[in-house]
Amino acid sequence: MSNMPSTGGAVTVALCCPPLTERPLTAEEAERTAVMFKALGDPVRLRLFSLVASHEGGEACVCDISDVGVSQPTVSHHLKKLREAGLLSSERRGTWVYYRVEPTVMTTLGRLLT
């Protein structure tokens, strides 16, 4: 198996938007931002995102984050949704997949809410 990152058709998250209190978002900015918030709007996805973001070394093996009270296929579905929203990236290493928060995500979310 290759160590090539899997983007899975993810949306690119960029430092696109000013703080919500600075000015109204454009339609495009609102659309991009809504994709992230929609993905994080599910409690299981929010928990998975938090588990990856807080994991030692900044990345987590799926084997380390799968105990969230739902079946493994459901965990995989939610991780896919987080990747598609541009919040996580993944890399296969042997039989395991490792996830990490995209570098600009925390800055983007933090900046929006300041």
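Biologist: In the hairpin of strand 3 and strand 4, which residue takes a positive phi?

Modeller: This is a predicted model. Two residues lie between the strands of this hairpin. The positive phi, near 65 degrees, belongs to Gly 94.

Biologist: Over how many bridges do strand 3 and strand 4 pair, and what is the bridge partner of Ser 89?

Modeller: Strand 3 covers residues 88-93 and pairs with strand 4 in the antiparallel sense. The pairing extends over six bridges. Within strand 4, the residue bridged to Ser 89 is Arg 100.

Biologist: Which residue of strand 4 stands opposite Cys 61?

Modeller: Strand 2, residues 59-61, runs antiparallel to strand 4, and three bridges join the two. Cys 61 has as its opposite number in strand 4 the residue Tyr 98.

Biologist: Which residues form the covered face of strand 4?

Modeller: Strand 4 has two faces, one covered and one uncovered. Trp 96, Tyr 98 and Arg 100 belong to the uncovered face. The covered face consists of Val 97, Tyr 99 and Val 101.

Biologist: How many residues apart in sequence are the parts that Glu 59 and Arg 100 tie together?

Modeller: Glu 59 forms a salt bridge with Arg 100, with 3.3 Å between the closest N and O atoms. Glu 59 is partly exposed at a relative accessible area of 22%, and Arg 100 is partly exposed at 21%. Since Glu 59 lies in strand 2 and Arg 100 in strand 4, the pair ties together parts whose separation in sequence is 41 residues.

Biologist: Is Glu 91 buried or exposed, and which residues make up the network joined by salt bridges that share partners?

Modeller: The side chains of Glu 91 and Arg 93 meet in a salt bridge, 3.7 Å from N to O. Buried means under 20% relative accessible area, so Glu 91, at 14%, is buried, whereas Arg 93, at 29%, is partly exposed. Salt bridges with shared partners join into one network Glu 59, Glu 91, Arg 93 and Arg 100.

Biologist: By what helical separation are Glu 84 and Lys 80 set apart in helix 4?

Modeller: A salt bridge of 3.8 Å, N to O, links the side chains of Glu 84 and Lys 80. Glu 84 is partly exposed at 26% relative accessible area, and Lys 80 is partly exposed at 42%. Because the two are four residues apart in helix 4, their separation is about one helical turn.

Biologist: Which helix gives the most to the largest nonpolar core?

Modeller: The largest nonpolar core has 24 residues, and Phe 49, Leu 79 and Leu 82 are among those with the most contacts inside it. At least two core residues come from each of helix 1, helix 2, helix 3, helix 4, strand 4 and helix 5. With four residues, the element that gives the most is helix 2.

Biologist: Is Val 75 buried or exposed, and what is its relative accessible area?

Modeller: Val 75 lies in helix 4. Leaving aside neighbours within four places in sequence, Val 75 is in contact with Leu 48, Ser 66, Val 68 and Val 70. Val 75 is buried, and its relative accessible area is 0%.

Biologist: Which residues make the nonpolar surface patch of about 280 Å²?

Modeller: One member, Leu 20, is placed in the loop between strand 1 and helix 1. Patch residues have over 30% relative accessible area, and Leu 20, partly exposed at 42%, therefore passes that cut-off. The patch is made by Leu 20, Phe 37 and Leu 113.

How values were computed
Residues are numbered from 1 along each chain as its sequence is written. This is a predicted model: local features need pLDDT of at least 70, side-chain atom pairs count only at pLDDT 80 or more; totals for chains, interfaces and linings use all residues. Side-chain values use heavy atoms; hydrogens and water are left out. Patches are made of residues with over 30% relative accessible area and no salt bridge: like charges are joined within 9 Å, nonpolar side chains (Val, Leu, Ile, Met, Phe, Trp, Tyr) within 5 Å. Accessible areas come from the Shrake-Rupley method with a 1.4 Å probe; for residues, only the protein chains shown count as cover. A salt bridge is a side-chain nitrogen of Lys or Arg within 4 Å of a carboxyl oxygen of Asp or Glu. Buried means under 20% relative accessible area, exposed over 50%, partly exposed in between (1.4 Å probe, protein chains only). A nonpolar core is a set of buried Ala, Val, Leu, Ile, Met, Phe, Trp, Tyr and Cys residues joined through side-chain atoms within 4.5 Å. Two strands pair if DSSP finds at least two bridges between them. Contact means heavy atoms within 4.5 Å.
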